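Visitor: I would like to go through this model one point at a time. Please keep the answers short.

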Amino acid sequence: MDMKKRVSVELRSRSPAEVEELVLDNCRSSDGEVEGLTEEYTELEILSMVNVGLASLSKLPSLPKLHKLEVSDNTISGGLDKLVEKCPNLTYLNLSGNKIKELSGVEPLQSLKNLKSLDLYSCEVTTLEDYREAVFELLPQLTYLDGFDQDDNEAPDSEGDHDEDDEAGPTRDEDEDEEESEGDEVGLSYLMKEGIQDEEDDGDYVEEEEDEDDDVAGLQGEKRKREVEDEDDDDDDDDDDDDE
């Protein structure tokens with residue numbers, strides 16, 4: 001899709017003045033220039049044109065509120081003075097994967113007083129001796145170069161922030177999940193204990209039934225014994241009567 005058409009699609013029934021963020025990644029510029037953008041985008045704050053075939057930023061319109069510009073993986077080699085003129089409030093600029101070879105190519109960025117983060121990763125300029133020290137000296141307003149400050153601390157939007165969040169402890173939802181899990185374990189232990197107790201109680205009950213059966217059997221035996229003895233006594237009485 002060409003850049004002009006992509007810009008039209010990304011409007012999504014909005015007027016240019018309503019757009020604050022515009023992502024045009026992987027569309028194609030027909031002549032290596034910015035196409036479809038106009039100065040009507042007065043509220044635009046974030047613009048991404050990654051891998052669109054840009055060779056120049058000379059036709060970038062005036063975007064006074066733009067603070068983040070992504071133009072990585074293009075063929076830009078210079079002409080960054082246009083950024084100073086068109087986007088004076090830039091704080092973040094990603095030029096990684098472009099054709100910038102010398103420090104003189106980024107020298108115009110000195111006039112971007114609010115620029116805090118610059119990315120030149122995979123540009124030929126990064127192979128120069130003392131590259132990082134030279135860029136920080138050339139652009140003293142910078143805090144981060146290629147994602148790291150002068151002390152090699154990673155930029156705050158990196159994965160390190162997530163690690164700090166993890167170290168801060170579990171969230172409320174995690175606490176609730178842990179409590180529910182513990183409750184389930186306690187409940188399960190209680191049910192298992194109850195089951196064991198029931199089995200023991202059942203055993204006692206069987207033993208009691210067996211004891212009762214033994215008692216009944218004993219009573220029946222004694223009763224039969226007495227009945228036999230009574231029968232013997234009756235027989236003796238009959239014999240005595242016959243003798244008479």
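Visitor: Which side chain meets arginine 6 in a salt bridge, and at what N to O distance?
Guide: This is a predicted model, where local features need pLDDT of at least 70, side-chain atom pairs count only at pLDDT 80 or more, and totals for chains, interfaces and linings use all residues. Residues are numbered from 1 along each chain as its sequence is written, and side-chain values use heavy atoms, with hydrogens and water left out. A salt bridge here is a side-chain nitrogen of Lys or Arg within 4 Å of a carboxyl oxygen of Asp or Glu. By that rule arginine 6 pairs with glutamate 10, N to O, at 3.2 Å.

Visitor: What separates arginine 6 and glutamate 10 along helix 1?
Guide: Helices are DSSP runs of H or I with at least four residues, strands are E runs of at least two, and both are numbered from the N terminus. Helix 1 spans residues 3-11. The two residues are four apart in it, so the separation is about one helical turn.

Visitor: Are arginine 6 and glutamate 10 buried or exposed?
Guide: Buried means under 20% relative accessible area, exposed over 50%, and partly exposed in between, with a 1.4 Å probe and protein chains only. Arginine 6 has 17% relative accessibility. Glutamate 10 has 14%. Arginine 6 therefore counts as buried, and glutamate 10 also counts as buried.

Visitor: Which residues are linked with Arg6 in a network of salt bridges?
Guide: The structure holds six salt bridges. Some of them join into a network with Arg6. Its other members are Glu10 and Arg12.

Visitor: Why do the buried residues of helix 1 line one face?
Guide: The buried residues in helix 1 are Met3, Arg6, Val7, Glu10 and Leu11. The arc is taken from the directions from the helix axis to the C-beta atoms. Seen down the axis, the buried residues line one face because they fall within an arc of 145°.

Visitor: What do the buried residues of helix 1 pack against, and which exposed residues does the face turned away carry?
Guide: The buried residues pack against strand 1. The face turned away from the buried side carries the exposed residues Lys4 and Lys5.

Visitor: Which residue forms a salt bridge with lysine 59?
Guide: The closest N and O atoms of this pair are 3.9 Å apart. The pair links distant parts of the chain, 28 residues apart: lysine 59 is in the loop between strand 2 (46-48) and strand 3, and its partner is in the loop between strand 1 (21-23) and strand 2. Lysine 59 is partly exposed at 48%, and the partner is partly exposed at 45%. That partner is aspartate 31.

Visitor: In the salt bridge of glutamate 85 with lysine 86, which residue is buried?
Guide: The closest N and O atoms are 3.9 Å apart. Glutamate 85 counts as exposed, at 51% relative accessibility. The buried residue, with a relative accessible area of 17%, is lysine 86.

Visitor: How many disulfides are there?
Guide: A disulfide is counted as a pair of cysteine sulfur atoms within 2.5 Å. Cysteine 27 is buried at 1% relative accessibility, and cysteine 87 is buried at 0%. The disulfide count comes to zero.

Visitor: What is phi of aspartate 73?
Guide: Aspartate 73 lies in the loop between strand 3 (68-70) and helix 2 (81-86). The residue is partly exposed, with a relative accessible area of 44%. Its phi is positive in a residue other than glycine, near 60°.

Visitor: Which residues does leucine 109 touch?
Guide: Leucine 109 sits in the loop between strand 4 (92-94) and strand 5. At 0% relative accessibility, leucine 109 counts as buried. Contact means heavy atoms within 4.5 Å. Not counting residues up to four places away in sequence, leucine 109 touches Leu80, Leu83, Leu93, Leu115, Leu118, Leu139 and Gln141.

Visitor: What is the mean pLDDT of the chain, and where is pLDDT below 50?
Guide: pLDDT is the predictor's confidence in each residue, from 0 to 100. The chain mean is 80, and 64% of its residues reach 70 or more. Beyond near neighbours in sequence, residues 158-172, with pLDDT below 50, have three contacts in the model. The other stretch below 50 has zero such contacts: residues 205-209.
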